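Work through the exercises below with the structure open. Try each task before reading its solution.

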Amino acid sequence: MANEDAIPRVGNVGTIVEITMKELVGSALGNLNLSTTSSLGIEFKLPTGILQTITSAVKNTPGSDGIMTFTDSAGAVFNSSNASMGTWEARGVVSYSSGNTFKGSWAGFQVGE
C-alpha cells in the first residue's frame with residue numbers, strides 16, 4: 001500500500017490544485033459564481049519570490065460553487081526549474097470580459113523535497 005500525504009513535492013507531475021473563490025455577500029462570505037468569467041488563473045508565489053501564473057478551469061460546470069482547478073500534468077509548476085521546497089503561497093485570479101480582475105487572498109502551503 002502506498003504511503004501518501006497531502007504535501008506536494010518538488011518534482012511531482014500530476015498534482016491537482018483546487019481553489020475556492022469567495023465574495024462578500026452582505027456581511028458573509030459566499031462562493032463566487034465563476035460562470036460569467038472570461039478567464040481563470042492561479043498565481044503561485046515560490047519561496048524564492050518568483051511569481052508564476054497558470055491557467056485554470058472551472059471544476060464543476062457551471063461554476064456556481066466557486067471552485068477552480070488545475071492539474072499539473074506536464075509538471076509546469078512543481079517539476080519546473082524554479083520549484084523549491086519550502087512555504088509557497090497560492091491565490092485564484094478571475095478576469096471578466098469587462099476588463100475587471102478579481103484576485104483572491106494568498107493561502108500558504110508547504111512543498112516538500
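**Exercise 1.** Does alanine 83 count as buried or exposed, and what is its relative accessibility?

Solution. The model is predicted: local features need pLDDT of at least 70, side-chain atom pairs count only at pLDDT 80 or more, and totals for chains, interfaces and linings use all residues. Residues are numbered from 1 along each chain as its sequence is written, and side-chain values use heavy atoms, with hydrogens and water left out.

- Step 1. Take the cut-offs: buried is under 20% relative accessible area, exposed is over 50%, and partly exposed is in between (1.4 Å probe, protein chains only).
- Step 2. Alanine 83 has 14% relative accessibility, so alanine 83 counts as buried.
- Step 3. Locate the residue: alanine 83 lies in the loop between E7 and E8. Strands (E, at least two residues) are DSSP runs, numbered from the N terminus.
- Step 4. List the contacts, meaning heavy atoms within 4.5 Å. Alanine 83 touches Val10, Leu46, Val77, Phe78 and Trp88, leaving aside residues up to four places away in sequence.

**Exercise 2.** Classify leucine 24 as buried or exposed.

Solution.

- Step 1. Leucine 24 sits in strand E2 (residues 22–25).
- Step 2. Its relative accessibility is 61%, so leucine 24 counts as exposed.
- Step 3. Add a distance: leucine 24 and asparagine 60 are 36 residues apart in sequence and 21 Å apart in space, C-alpha to C-alpha.

**Exercise 3.** How many aromatic pairs does a search of the whole structure find? Describe two that share tryptophan 88.

Solution.

- Step 1. The search finds four aromatic pairs. Rings of Phe, Tyr and Trp (its six-membered ring) pair if their centres lie within 6.5 Å; planes under 30 degrees apart are stacked, over 60 edge-to-face, and the rest tilted.
- Step 2. Phenylalanine 44 and tryptophan 88 are edge-to-face, at 6.2 Å centre to centre and 75° between the planes. This pair links distant parts of the chain: phenylalanine 44 is in strand E4 (residues 39–45), tryptophan 88 is in strand E8 (residues 86–95), and they are 44 residues apart.
- Step 3. Check burial. Phenylalanine 44 is buried at a relative accessible area of 0%, and tryptophan 88 is buried at 0% as well.
- Step 4. Phenylalanine 78 and tryptophan 88 have ring centres 5.1 Å apart and planes at 20°, so this pair is stacked. Phenylalanine 78 lies in the loop between strand E7 (67–72) and E8, so the pair ties together parts that are 10 residues apart in sequence. Phenylalanine 78 is buried, at 1%.
- Step 5. Assemble the group: Phe44, Phe78, Trp88 and Phe109 form one aromatic cluster.

**Exercise 4.** Which residue lies over the face of tryptophan 106?

Solution.

- Step 1. Apply the test: NZ of Lys or CZ of Arg must be within 6 Å of the ring centre and within 35 degrees of the ring normal.
- Step 2. Lysine 45 lies over the face of tryptophan 106, 4.4 Å from the ring centre.

**Exercise 5.** Find the cis peptide bond that ends at proline 62.

Solution.

- Step 1. Go to the loop between strand E6 (57–58) and E7, where proline 62 is placed.
- Step 2. Read omega: the bond from threonine 61 to proline 62 is cis, with omega near 15°.

Note on methods. Helix = DSSP H or I, 4+ residues; strand = E, 2+ residues; numbered from the N terminus.
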